[in-house]
Structures are given as C-alpha cells and as structure tokens.
Amino acid sequence: MPAISTHHLQLRLWWRRLGRRGAAFALALLAAALVLTLSRYAAGPAASPPASPSYGHRLPALVDITLVYGATDKGAVCLDGTPPAYHFLPGFGDGSHNWLLHLEGGSWCRNFESCARRKKTNLGSSAHMDTRAEFVGILSDDQSQNPDFYNWNKVKIRYCDGASFSGHVQDEVKKNGTGFFFRGQRIWEVVMAELLSKGLARAKQAFLTGCSAGGLSTYIHCDDFRALLPNTPTVKCLTDGGFFLDEEDISGRRYMRGFYNDVARLQDVRKRFPHCSSDMEPGQCFFPQEVAKSITTPMFILNPAYDVWQVEHVLSPEGSDPQNLWQNCRTDITKCSSKQLDVLQGFRKALLDGINEFKKRRDWGMFIDSCFIHCQSMNALAWHSPSAARINNKTAAEAVGDWFFDRREVKEIDCEYPCNPTCYNVVLDQPYKED
C-alpha cells in the first residue's frame with residue numbers, strides 16, 4: 001500500500017475513534033499546530049525542549065523506526081520472519097538518564113487463519129510498519145502534554161508476534177504451505193538487549209508501560225524488566241487498558257477464555273506462567289488477574305471501568321447478540337438502555353473485584369475512571385489535556401506522575417457512569433473488528 005494511502009487510513013481510524021466531542025477539539029488543536037510549528041519537522045524529529053509550554057501548540061514528534069537486524073540470527077522474528085522493530089526518541093536535560101519503554105498493543109491472533117491475515121499487516125510484519133511513529137500521550141516530548149516524562153528517553157516497541165510478547169515455539173510452524181514464527185519471548189529478549197547497550201543499563205529511573213495487548217505484555221514482563229536493571233534505583237510499570245476480565249458474556253459463555261485458550265495453545269505460552277495451577281485451562285493463565293499475583297515490582301493499573309474494547313469483545317462479542325440488541329450500546333454508551341447499563345455496572349463491579357487484592361498493595365497505584373474509552377496513555381486528549389477525564393481534579397497523567405515519584409498514594413476509583421462530567425467517551429461509527 002502506498003505511504004499516502006496508509007497515512008489516510010490511519011487518519012480515518014484515528015478520527016473515527018475520537019468521537020464527535022474529541023474530533024471538534026482535535027480540529028482546533030490541529031489548526032493551531034499547523035500555523036505555529038509546521039517548520040519544526042522540515043529536518044526530521046529532534047530531541048529538544050518544547051518550544052511552547054501551552055497545550056497543543058506543536059505537532060507530535062515523528063520518530064524513525066529501527067529494525068533489530070541481528071535478531072533474525074537469534075530466531076527473534078515477527079510472525080512472517082521479518083526482524084522486530086522499535087522507535088527511539090533520546091531524552092534531554094534532567095531526563096537524559098531516565099527511560100520509558102512502551103509496548104505496543106493490537107489484540108492477538110488465535111488460529112492460523114487469523115495469524116495469516118495478521119502477517120500481512122504491521123501487527124505481524126515489520127515490512128508493513130510505518131517508517132515513522134507519532135509520539136503522543138505518555139510518549140510526548142511536550143511538557144504541557146506529558147508533564148513528568150516529556151524529556152525522558154522514550155521507546156515504542158512494535159508488536160508483531162500476536163501473543164503479547166510471550167509465545168516461544170522453537171521451530172517454524174508450517175500450515176498449508178505457509179510458515180509462521182511464534183517468537184514473542186525472543187523478541188522481548190533481543191530488543192531489551194539492544195536497548196540495554198544503548199544506555200538503558202545505566203538508567204537512573206526506568207518505566208515499562210503498555211496499552212491493551214501491550215498492557216498485558218507489561219504484566220507478563222514487569223518483573224523481567226526489573227531483573228534486567230539491578231543497578232537502577234527506581235523501576236516501575238504501568239499497564240493501560242490491559243486488565244482483561246475472565247467474565248461471562250451476555251449469552252452466558254466465557255468467550256474471552258476460549259479466545260485465550262486458542263492463543264495459549266497455538267503459541268505454547270503456558271510454560272511462560274509457572275505460577276498457574278495445573279487444573280486451570282491454559283487461557284486462564286493469560287489473564288492479568290492471574291499474572292499479576294506473582295508480580296513484585298510496583299505497578300500502576302490505568303483502566304476505564306467501561307473499557308470500550310472489552311464491552312465489544314468480552315461482554316458482547318460476535319455471536320453473543322444475534323438480534324443486534326447491543327449494536328448501539330457497544331459503540332456509544334449514551335445509547336445503552338437501562339437494562340444494558342445494569343449489565344455494564346455489573347461488569348464494572350467485576351473489574352473492581354478483580355483488582356481489589358492489588359489495591360491493598362501499598363506500592364501499587366490505580367486510576368479507574370468511569371469513561372467509555374480504551375488506551376488512555378496513548379491518547380493525547382485523554383492523557384493530559386483540557387478535555388481529559390479527572391478524578392479528584394487529577395488527570396491520568398498527573399495521577400501516574402504522583403504515584404511514580406511518590407508524591408502521594410494513588411488509589412483513584414471513580415464513581416459509576418454517568419457521574420463524572422469530565423469523562424472523554426469515544427463514539428464509534430461501527431464496532432471494532434476482531435480476528
């Protein structure tokens with residue numbers, strides 16, 4: 001696909017997910033940014049302090065892709081055998097010795113058919129990845145948008161293995177003449193090795209983050225990350241929109257457990273979770289509630305109580321709603337009936353029950369808002385902006401910063417929808433598609 005077509009497709013997806021309210025606000029920001037800072041990128045991205053402290057006065061940094069070429073010799077490859085990749089933006093000033101790594105999300109593939117489709121996209125092949133990535137939200141280098149981490153070394157690690165960087169099948173798998181590599185664990189290892197050699201090993205503070213499937217990856221690798229940095233005084237993790245629930249859907253089946261069972265068997269991830277009891281299904285071991293039980297590194301849980309992805313794929317997945325009674329509700333929470341809202345409140349309770357044991361851990365933090373959204377740390381409007389959701393007058397960015405730097409204990413649990421007028425709720429013109 002030509003670069004211009006890829007750009008247009010990404011813009012359409014981004015615009016669609018903003019919703020009506022976000023789109024109007026984004027349009028105003030874009031107009032200001034074009035007038036004030038178009039010349040900034042004439043010579044490519046640079047790691048320099050923001051030109052203006054006010055929100056939205058410049059475009060986000062565009063950061064070049066880096067392929068880990070030596071990874072192929074070690075068998076650390078994407079689904080299609082291409083090398084893994086990341087984007088690196090150097091820090092500056094007093095943040096030059098601190099590192100923030102972000103694990104990209106993008107669901108999972110559960111069988112050869114869905115993995116074959118995935119191989120032809122950026123989520124299964126570095127050959128299909130854009131050569132530049134926008135660094136927004138928690139990756140932004142603009143202090144007004146990312147007050148605590150704007151000048152850190154920041155890395156976006158691309159996701160191309162289909163199992164949250166956890167699969168570890170030794171040999172290439174052949175199916176109907178097509179080859180597949182399930183090597184997420186090896187990708188994690190070689191990318192970490194390269195970043196350690198680039199300065200991560202000397203970090204004074206380090207922060208592993210991820211959203212969605214990358215949020216699950218963060219649960220899985222948080223303690224691994226800590227172990228790689230024995231001389232770094234402060235190492236913490238943040239998982240955004242990654243607390244996927246093992247709950248019954250509206251038809252009474254556990255769709256997500258079946259989905260995870262398929263992923264776990266296909267990519268042999270069971271051995272990645274020694275904590276998992278032998279009487280549990282392999283997919284159960286993949287849920288954050290189980291993975292998190294053994295984590296000892298300080299962790300922050302950033303999650304909406306009404307996660308739009310989970311409403312679509314955990315609560316009301318395809319096949320659970322033959323009469324399409326949930327079609328409007330799953331794309332716009334304001335169109336949910338009173339009975340559907342009761343179901344959503346029950347789903348919220350399941351989330352709060354699931355994180356309750358982690359709420360008791362003193363060095364853990366959380367920010368559970370009542371918004372209808374997914375992945376807030378990588379959304380410039382939702383992370384820290386005039387229209388961002390607030391709990392006790394704090395944005396997600398402020399809450400995470402307060403927790404990371406030990407400014408206060410952060411255990412923010414929002415009230416039930418629709419109590420929070422600051423919520424940024426997405427409105428989709430159609431449901432997300434799932435493999």
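How many of the 14 residues of helix H3 are buried? In this predicted model, the count is 10 of 14, and H3 is thus mostly covered. The buried positions are Gly 184, Gln 185, Arg 186, Ile 187, Trp 188, Val 190, Val 191, Met 192, Leu 195 and Leu 196. Their cover comes from several parts of the chain, including strands E2 (85-89), E3 (98-103), E5 (153-157) and E8 (205-211), and helix H4 (213-228) is also among the elements that cover them. The length of H3 can be checked as well: at 1.5 Å a residue, the 14 residues of this helix (residues 184-197) should span 20 Å, and the end C-alpha atoms are indeed 20 Å apart. After H3 comes Gly 199, with a positive phi near 130°.

Just ahead of the helix, a charged residue deserves a look. Arg 183 sits in the loop between strand E7 (178-180) and H3. Arg 183 is buried but has no salt bridge; Asp 171, the nearest side chain of opposite charge, is 5.5 Å away. A salt bridge requires the nitrogen and the carboxyl oxygen to be within 4 Å. What Arg 183 does have is a backbone partner: a polar atom of its side chain lies 2.9 Å from the backbone oxygen of Val 169. Beyond its neighbours within four places in sequence, Arg 183 is in contact with Gly 75, Val 77, Gly 167, Val 169, Gln 170, Asp 171, Glu 172 and Gln 267.

The view now widens to the nonpolar interior. The largest nonpolar core holds 90 residues, and those touching the most other members are Leu 101, Trp 108, Ile 157, Leu 195, Phe 225 and Ile 301. H3 gives the most to this core, contributing 7 residues. A second core, separate from this one, has 27 residues, among them Ala 61, Trp 383, Ala 397 and Val 400.

Charged pairs complete the picture, with 20 salt bridges in the structure. In one of these pairs, the side chains of Arg 110 and Asp 262 meet at 2.8 Å, N to O. Arg 110 lies in the loop between E3 and helix H2 (112-118) and Asp 262 in helix H5 (residues 255-267), so this pair ties together parts that are 152 residues apart in sequence. Arg 110 counts as buried because its relative accessibility is 18%, under the 20% limit. Asp 262, with a relative accessible area of 28%, is partly exposed.

Another salt bridge joins Arg 348 and Glu 416, whose closest N and O atoms are 3.9 Å apart. Here too distant parts of the chain are linked: Arg 348 is in helix H8 (residues 338-359) and Glu 416 in the segment after strand E12 (411-413), 68 residues apart. At 11% relative accessibility, Arg 348 is buried, whereas Glu 416, at 40%, is partly exposed.

What separates the side chains of Lys 411 and Glu 409, N to O, in their salt bridge? The distance is 3.3 Å. Lys 411 is buried, at 18% relative accessibility, while Glu 409 is exposed, with a relative accessible area of 56%. Salt bridges with shared partners also bring Asp 148, Lys 394, Asp 402, Arg 407, Arg 408 and Glu 412 together in one network.

Definitions and conventions
Residues are numbered from 1 along each chain as its sequence is written. This is a predicted model: local features need pLDDT of at least 70, side-chain atom pairs count only at pLDDT 80 or more; totals for chains, interfaces and linings use all residues. Side-chain values use heavy atoms; hydrogens and water are left out. Helices (H or I, at least four residues) and strands (E, at least two) are DSSP runs, numbered from the N terminus. The expected span of a helix is 1.5 Å times one less than its number of residues. Buried means under 20% relative accessible area, exposed over 50%, partly exposed in between (1.4 Å probe, protein chains only). Contact means heavy atoms within 4.5 Å. Lys and Arg count as positive and Asp and Glu as negative; His and the chain ends are not counted. A polar contact is a pair of N or O atoms within 3.5 Å; within protein, one must be able to donate a hydrogen and the other to accept it, and residues adjacent in sequence count only if both atoms are side-chain atoms. A nonpolar core is a set of buried Ala, Val, Leu, Ile, Met, Phe, Trp, Tyr and Cys residues joined through side-chain atoms within 4.5 Å.
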